[in-house]
Amino acid sequence: PPPPLMFPAMAAVFVACFLLELASAAGDVPRGHLEPFGAWMDGEPVEERSDFPESLEFYEKYCETDKGSGKPVIFRGAALDWPAMEWKSDDYLLEKYSSAEITGVEHNLKETRSGGHVPGMHTLRDFVGAYNTSDIYMVSNVPKPMQQDVKFLPMFECGGYLRFLDVNNMWMGKGGSKSVVHYDEQDNINCMIAGEKRFVFMHPSYKAAFEAHPNSKKNRFGWVDTDLDDSIPGYGAFFGKIDVDRMDLIKYPGWRDVKWSYADLKPGDCIYIPHQWYHQVTAKPGRSINVHIWYWRPRKFDSTSCQKLKEQGGPLEPTSFADCEWGYEPDRGHYGHVKGQKKPTRCRQKKAPGAKQQKQTEL
């Protein structure tokens, strides 16, 4: 017979199966129950563009629309001319950036936020030598020697976006990774360099329902907040009780009515994710690399900087991650403020011939 300690677990499984059979017999099993995240209804595709909006259009149409909630948008092929697109093989990375320092490698391709960091991962060589045979992935600041290979999208060259840069990151894995469902406090531009990923989004208007009664059975979505209970594994606030591969829509019935949208990114594609949009990300099998920035949306669009850039003939070439300072944090909220306690970040633009090159505090 099994040890006594196994009986409670076996009983729980039996009860769960019994209840599922009863629900099925009664015709009450909801669509998508015990299926992957989103299967409860069809999602809507995110808007996509093959061009770039002007800086002001981007601010008004995508950042500040919907009373400031914004909306995601895909920029197809936006990164195809970046030098970073040469990162398509590990041999190339090892030849050029083998000793580049990395800042983080985590356990568990299926994110739990409790896997912890992998020890002994200091350089790109350390990670590349291990990731194909391990359940690990890299989430690191873009290594400094590689930052010159990554560019900002054209609409970021003026308007104030580059004043409030927080963090840049590089994600790399062997594919098959799955994130928890969460949101970010900052705006986000995320670009695929290699591999493919699906992003699933839920509107911030669900916030009151999603986050009511955190850490308790009263919450109908599985939301946890580790800051309120340090016994909960992981960090931050996220949907820590659900399994994105097998959504229990009987235990967490709130999901049945949640509308969602999706974006499938291929190499060279970028997506804008406004702050506080809930999202879940899944990588297809196969080597995967993406880079992204977190930045704080300008409280006010800086039209003066766009006029000056136009008068100077525009930048000679796109501004790279290496050209900029990072680390801005607002005093409060989700917006960047010029007159806050933290100084705005600055970028060095390569100007058109005849124009003076200098650090631009107005960017």
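**Notebook: strands, salt bridges and a pocket**

I began at one end of a sheet, where strands β2 and β3 run parallel and are joined by 2 bridges. I looked up a pair of residues there and found that Glu48 has Ile74 in β3 as its bridge partner. I note here that the model I am reading is a predicted one, and I keep that in mind for every entry below.

**Entry on the open sheet**

Next I followed the sheet across, and I wrote down that it is an open sheet of 8 strands with mixed pairing, in the order β2-β3-β12-β7-β14-β6-β5-β4. I then asked myself which strands are the edge strands. They are β2 (48-49) and β4 (105-107), each of which pairs on one side only.

I stopped at β7 and looked at its neighbours in turn. On one side β7 pairs with β14 in the antiparallel sense, over 7 bridges, and within this pairing I found Cys191 standing opposite Val291 in β14. With strand β12 (residues 270-273) β7 also runs antiparallel, and here 4 bridges join the two; the residue I picked out was Asn188, whose bridge partner in β12 is Ile273.

I also wanted to know how many residues of β7 are buried. The count is 8 of the 8, so β7 is largely enclosed by the rest of the structure. As a general reminder to myself, side chains in a regular strand alternate between the two faces of the sheet.

**Entry on strand β8**

I turned to strand β8 (residues 197-202), where 5 of the 6 residues are buried, so this strand too is largely enclosed by the rest of the structure. To see what pairs with β8, I looked up its bridges, and I found two partners to write down. Strand β11 (residues 261-265) is antiparallel to β8 and is joined to it by 5 bridges, with Lys197 opposite Leu265 in β11. Strand β13 (residues 278-283) is likewise antiparallel to β8, with 6 bridges between them, and in this pairing Phe199 stands opposite Val281 in β13.

**Entry on salt bridges**

My next search was for salt bridges, and the count came to 18. I followed several of them by hand.

I looked at Glu64 and Arg297, whose side chains meet in a salt bridge at 2.7 Å, N to O. Glu64 lies in the loop between α2 (55-63) and β3 (73-75), and Arg297 lies in strand β15 (residues 297-298), so the pair ties together parts that are 233 residues apart in sequence. I then asked whether each partner is buried or exposed. Glu64 is partly exposed, with a relative accessible area of 26%, whereas Arg297 is at 0% relative accessibility and counts as buried, the cut-off for buried being under 20%.

I went on to Lys284 and Glu196, which form a salt bridge with their closest N and O atoms 3.1 Å apart. Lys284 lies in the loop between β13 and β14 (285-295) and Glu196 in the loop between β7 (187-194) and β8, so this pair ties together parts that are 88 residues apart in sequence. Both residues came out as partly exposed, Lys284 with a relative accessible area of 49% and Glu196 at 27% relative accessibility.

I returned to β8 for a further pair, Asp264 and Arg198, whose salt bridge has its closest N and O atoms 2.6 Å apart. This pair links distant parts of the chain, since Asp264 is in strand β11 and Arg198 is in strand β8, 66 residues apart. Asp264 counts as partly exposed at 31% relative accessibility, and Arg198 counts as partly exposed at 32%. I then noted a network in which Lys110, Lys178, Asp243 and Asp245 are joined by salt bridges that share partners.

**Entry on the largest pocket**

Last, I looked for empty space, and I wrote down a volume of about 800 Å³ for the largest pocket. Which residues lie nearest its centre? They are Glu111, Arg113, Trp171, His182 and Tyr235, out of 39 residues that line the largest pocket.

I sorted the lining of the largest pocket by kind and found 12 nonpolar, 20 polar and 7 charged residues. I then checked which strands supply at least two residues each to this lining, and I listed β4, β5 (136-140), β6 (165-175), β7, β8, β13 and β14. Strands β7 and β8 from my earlier entries are therefore part of this list, and I recall that each of them is largely enclosed by the rest of the structure.

Technical notes. Residues numbered from 1 in each chain as written. Predicted model: local features only at pLDDT ≥ 70, side-chain atom pairs only at ≥ 80, totals over all residues. Heavy atoms only, no water. Buried < 20%, exposed > 50% of the residue type's maximum accessible area, 1.4 Å probe, protein only. Pairing = 2+ DSSP bridges. Salt bridge = Lys/Arg side-chain N within 4 Å of Asp/Glu carboxyl O. 1 Å grid on protein atoms, 1.4 Å probe; cavity = no way out; pocket = protein on both sides within 12 Å on 5 of 7 lines; lining within 4 Å. Points joined across faces, edges and corners; volume = space filled by probe spheres on them. Nonpolar A, V, L, I, M, F, W, Y, C, P; charged D, E, K, R; others polar.
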